[in-house]
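Q: I've got this model open in my viewer and would like a close look at a single part of it. Could you walk me through one sheet, strand by strand, and then say what else is worth a glance?

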Amino acid sequence: MPPGDRYRQIVELSQDCILELDATGRITSVNRHGLDMLGAFERNDVLRQPWQDFWPETLHVVVREALRRGLDGQSSEYLGSLTTLRGVVRQWSVSIAPLTDVGGRVESLVVVGRDITEIRRVEQALRTLNVSLSSQLQGAESRAIAASEHNEYLEATLTQAQVISERRRHHELQALEQRDIAEAARAMAEHTAMQAQKGEAVGQLVAGIAHDFNNMLQTAVAAISVVTDNPDALTPMQRKLLGRGSDALAHATTVAKRLLGFARQHPVHAEDMDVQEVALEMADLMQQSLPPDIELVVEQRAGAFPVVADRHGVGQAVMNLCINARDACDGAGTITLRCDTGRVEPQSVTPTRALGDYVTLAVSDTGSGMDQVAMSRLFEPYFTTKPEGRGTGLGLAQVYALMRQAGGFIDVDSAVGVGTVMTLWFPRAHLMAEQAPVLVSADGLQA
């Protein structure tokens with residue numbers, strides 16, 4: 001095996017996050033474990049992104065200085081808190097070193113990041129344990145002094161054997177207290193390890209279920225195809241119903257593939273598309289699954305709404321949002337789909353909201369709404385407010401992943417007892433000179 005291939009395998013197998021940066025500080029390569037540590041769904045989530053942008057503003061000066069020293073041929077290290085792309089705060093230890101060519105000139109930088117969150121937690125637990133033990137020792141010393149004074153007072157009446165027995169009992173009680181504290185620290189460490197393994201186990205389970213589900217769907221599709229191959233034997237109504245069944249099975253197959261994609265086993269394909277066309281297609285399918293007292297309204301608008309995104313992913317996002325709206329309405333209400341255009345102005349730019357023109361797709365409902373606690377955890381995988389058996393907590397996580405891949409973002413407006421509006425902001429692929437709707441900025445102002 002060539003040395004280069006061997007080194008690349010070593011990098012891929014490393015449990016650390018290993019990145020290569022170009023001279024501008026942008027990421028040009030990342031190993032597989034690095035993607036997991038950064039909370040990325042695929043390499044394109046981090047490639048060509050400035051390394052500085054992954055850190056809070058308070059650490060930007062430290063990161064820039066480390067990059068400068070690296071370009072000057074010096075190695076450096078720093079510690080800090082990094083928020084992953086999934087919104088999880090982790091403690092990192094980072095080292096940056098230069099990579100040089102045969103002439104000794106710095107070509108790029110290598111970054112090695114190590115997650116030290118659990119180490120910090122153990123250190124904090126040990127500090128807490130030390131404080132507790134110190135407090136107990138101080139108390140023990142105070143009690144020993146008091147006992148000594150008391151023994152001196154009673155020395156005339158107490159024998160030496162009684163004094164030894166009292167001291168022995170005191171040490172046994174102290175040992176029991178210290179053992180209880182150690183048991184509590186061990187239980188805390190075991191609970192932390194169990195939580196860390198839970199996410200990986202659930203992800204593997206979801207991938208397996210999606211694979212089996214997809215195989216069953218293929219069997220159903222084949223069975224319907226056998227019937228539809230002889231259309232003369234069918235009535236018009238039967239042909240119509242079988243056609244709808246075929247469409248539903250095709251979409252369910254796409255759902256299974258998207259679920260596999262969420263578990264990093266299925267690729268995502270971006271293409272030119274019109275968001276309103278996909279919304280209309282999904283509205284026809286969703287209409288069949290709504291109860292009679294829930295009305296689905298599609299506010300169709302003239303003009304084009306072009307974006308570059310995964311078509312199946314956008315369809316799945318519309319379905320997930322409509323299903324959540326349906327469940328929030330609890331049997332009666334209105335669900336509205338509306339496409340529009342918008343713009344993020346310079347004063348509204350954030351790390352997740354880039355400057356420019358956007359196409360928006362809003363799904364609103366008149367359901368129960370959400371409180372601030374639910375909204376703060378809305379896009380966490382496996383988090384759901386639905387009763388057991390009615391939700392997996394993956395729907396909105398998939399929508400969030402789609403918007404990250406498309407370069408967009410999500411706005412959520414909800415109030416308890418009023419309803420919810422979920423707005424997807426896609427970067428506009430190109431502007432149409434004719435029939436261009438009025439632009440609305442991300443803060444609600446006309447542009």
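A: Here is a walk through one sheet, followed by a short look at the nonpolar cores and one helix.

Keep in mind that this is a predicted model. The sheet is an open one of five strands, in the order β2-β1-β5-β4-β3, and the pairing is antiparallel. At its edges stand β2 and β3 (76-83), each with a single partner strand, so one side of each has no neighbour in the sheet. On average, neighbouring strands are turned by 30° against each other, ignoring direction.

Start with β1, residues 17-21. Four of its five residues are buried, so this strand is largely enclosed by the rest of the structure. On one side, β1 is joined to β2 (residues 27-30) by three antiparallel bridges, and L19 has V30 as its bridge partner there. The two strands make a hairpin with five residues in between, and G25 in that turn has a positive phi of about 85°.

β1 also pairs with β5 (residues 106-115), again antiparallel, over five bridges. C17 has its bridge partner in β5 at G113. Now stay on G113 and look across to β4: V94 stands opposite G113 too. β4 (residues 89-100) and β5 run antiparallel and are joined by nine bridges.

As for packing, nonpolar side chains tend to be buried together in soluble globular proteins. The largest nonpolar core here has 39 residues, and I335, L424 and F426 touch the most other members. Elements that each supply at least two of its residues include α7 (275-287), β9 (333-344), α10 (395-406) and β12 (419-427). The biggest contribution to this core is from α8, with eight residues. A second, separate core has 26 residues, among them L47, V63, L67 and L109.

If you want one residue to click on in the largest core, try F426. Setting aside neighbours within four places in sequence, F426 is in contact with V275, V307, A309, V314, D357, Y358, V359, M403 and A406.

M403 and A406 are also among the buried residues of α10, as are L396, A397, Q398, V399, A401 and L402. This helix has 12 residues and spans 17 Å from its first C-alpha to its last, close to the 16 Å expected at 1.5 Å a residue. Right after α10 comes G407, with a positive phi near 80°.

Notes. Residues are numbered from 1 along each chain as its sequence is written. This is a predicted model: local features need pLDDT of at least 70, side-chain atom pairs count only at pLDDT 80 or more; totals for chains, interfaces and linings use all residues. Side-chain values use heavy atoms; hydrogens and water are left out. A nonpolar core is a set of buried Ala, Val, Leu, Ile, Met, Phe, Trp, Tyr and Cys residues joined through side-chain atoms within 4.5 Å. Buried means under 20% relative accessible area, exposed over 50%, partly exposed in between (1.4 Å probe, protein chains only). Contact means heavy atoms within 4.5 Å. The expected span of a helix is 1.5 Å times one less than its number of residues. Two strands pair if DSSP finds at least two bridges between them. Axes are lines fitted to C-alpha atoms, for helices over the stretch in contact, and angles run from 0 to 180 degrees between N-to-C directions.
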